[in-house]
Amino acid sequence: MKSNLEPFLGSFYSASLRGSMGDLAVPMWSAVELWGDKESPLNFRNCLVGSAEECARLWRLWCEKGFFEIDEEPAYYALEHRFSFRGKEHTRWAFFGSVSALDGSVKIHEAVSAEGAENTRRRFELSQADLTPIFVGIEDREKKSLQTLLQGLLPDAEKILQYDEPGISSHSLWRIGAGMERVHRFFQDRELFLLDGHHRFRGAQENQARGLGDGRLLACVTTISPEEVLILAIHRAVVCEPWLLPEAAVAQVE
């Protein structure tokens, strides 16, 4: 029986670049406005923003030059994220694996624009790769069992990245080669809920209908407990002056 989460053929920054992650890792949005020329020309954001043609050209160029490594065989990846929020220390865990956009195992909750789905579909087609993970959650009551599974796998896993932002957060990433069958069984019957990435989800469906790809997407999977899905300022930078005042933001939303 297939699992709702399957291993995938991963790609990641080459070892020679991982020491400069501080220059490569910036918030997804408005990095230029916030930091000017701090944004590295090798920032992966350049493969996600702009025309599908330019993004695909950069991705192929970087792979040819060895800036990115492609895994030799499918695997899972595990992420540990430690961060401080409102004076309290938090730790959250997540898996990276592939999910199907075709079999109904991932529950969706919002409609998408045709333009947004086509833009994503075209980027997938030209890059011949799924470059951005969707965000998927399982029931919040599974938090402890997911952490137990991950921590049990780490002793035999390969740690490929440790990235620290002093006083803000730290990220650790492991490649899960051994023990994949345990991951397979864990996700065999668990429902998955799409938290972010509906346009990417539809784009994968459209490409598969055209005979492109297999209808699967890279997914970052965690639980939907409040701590696990908390979005921090380091993830989203809102450049909208009135929203810097909470009262103005609430008034505008209303």
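**Entry 1. The chain as a whole**

I began with contacts along the chain: of those with a separation of 6 or more, 75% are between residues 24 or more positions apart. I note here that the model is predicted. I counted the secondary structure next and found nine helices and ten strands. I then looked up burial, and 44% of the 254 residues of the chain count as buried.

**Entry 2. The sheet**

I traced an open sheet of eight strands, and I wrote down its order as β5-β9-β6-β10-β4-β3-β8-β7. The pairing in this sheet is mixed. I reminded myself that strands of a sheet pair through backbone hydrogen bonds, either parallel or antiparallel.

Which strands stand at the edges? They are β5 and β7, the latter covering 158-165. Each has a single partner strand, so one side of each is left without a neighbour in the sheet.

I started at the β5 edge. Strand β5, residues 106-107, pairs with β9, residues 192-196, in the parallel sense over two bridges. Val-106 has Leu-192 of β9 as its bridge partner.

I moved on to the other neighbour of β9. Strand β6, residues 134-138, runs antiparallel to β9, and three bridges join the two. I looked up two positions in this pairing. Gly-137 has Phe-193 of β9 as its bridge partner, and Phe-135 stands opposite Asp-196 in β9.

At the β7 edge I found an antiparallel pairing of β7 with β8 over seven bridges. One position I checked there is Lys-159, which stands opposite Trp-174 in β8. β7 and β8 form a hairpin, with three residues between the strands. In the turn, Gly-167 has a positive phi of about 80°.

**Entry 3. A helix on the sheet, and the cores**

I looked for what helix α5 packs on, and it is the sheet. α5 touches β3 (76-85), β4 (88-100), β8 (169-176) and β10 (216-223). The direction of α5 makes about 80° with that of β4.

I then turned to nonpolar residues. In soluble globular proteins, nonpolar side chains tend to be buried together. How many residues does the largest nonpolar core have here? I found 30, and Phe-95, Phe-187 and Val-221 have the most contacts inside this core. Helix α5, residues 143-153, gives the largest share of the core, four residues. There is also a second, separate core of 25 residues, with Leu-42, Leu-58, Tyr-77 and Leu-79 among them.

I listed the contacts of Val-221, leaving out residues up to four places away in sequence. Val-221 touches Leu-5, Trp-93, Ala-94, Phe-95, Val-136, Ile-138, Phe-187 and Leu-192.

**Entry 4. Aromatic rings**

I searched the whole structure for aromatic pairs and got eleven. A pair of aromatic rings is described by the distance of the centres and the angle of the planes. I wrote down both values for two pairs.

Trp-59 and Phe-68 are 5.2 Å apart centre to centre, with 65° between the planes, and the pair is edge-to-face. The rings of Trp-62 and Phe-68 have centres 5.9 Å apart and planes at 15°, so this pair is stacked.

Are these three residues buried or exposed? I looked up the relative accessible area of each, with under 20% as the cut-off for buried. Trp-59 is at 6%, Phe-68 is at 9% and Trp-62 is at 3%, so each counts as buried. Ring pairs link these three with Tyr-13 and Phe-44 into a cluster.

I also checked a charge over a ring. Arg-190 lies over the face of Phe-186, at 3.7 Å from the ring centre.

**Entry 5. Glu-191**

Where does Glu-191 lie? I found Glu-191 in the loop between α6 (180-186) and β9. Glu-191 is partly exposed, with a relative accessible area of 43%. Leaving out residues up to four places away in sequence, I listed its contacts as Ser-105, Lys-107, Gly-137 and Ile-138. Glu-191 and Asn-4 are 187 residues apart in sequence, and I noted 7.8 Å between them in space, C-alpha to C-alpha.

Conventions: Residues numbered from 1 in each chain as written. Predicted model: local features only at pLDDT ≥ 70, side-chain atom pairs only at ≥ 80, totals over all residues. Heavy atoms only, no water. Pairing = 2+ DSSP bridges. Core = buried A, V, L, I, M, F, W, Y, C linked by side-chain atoms within 4.5 Å. Buried < 20%, exposed > 50% of the residue type's maximum accessible area, 1.4 Å probe, protein only. Contact = heavy atoms within 4.5 Å. Axes fitted to C-alpha atoms, helices over the stretch in contact; angles between N-to-C directions. Phe/Tyr/Trp six-rings, centres within 6.5 Å; stacked < 30°, edge-to-face > 60°. Lys NZ or Arg CZ within 6 Å of the ring centre and 35° of its normal.
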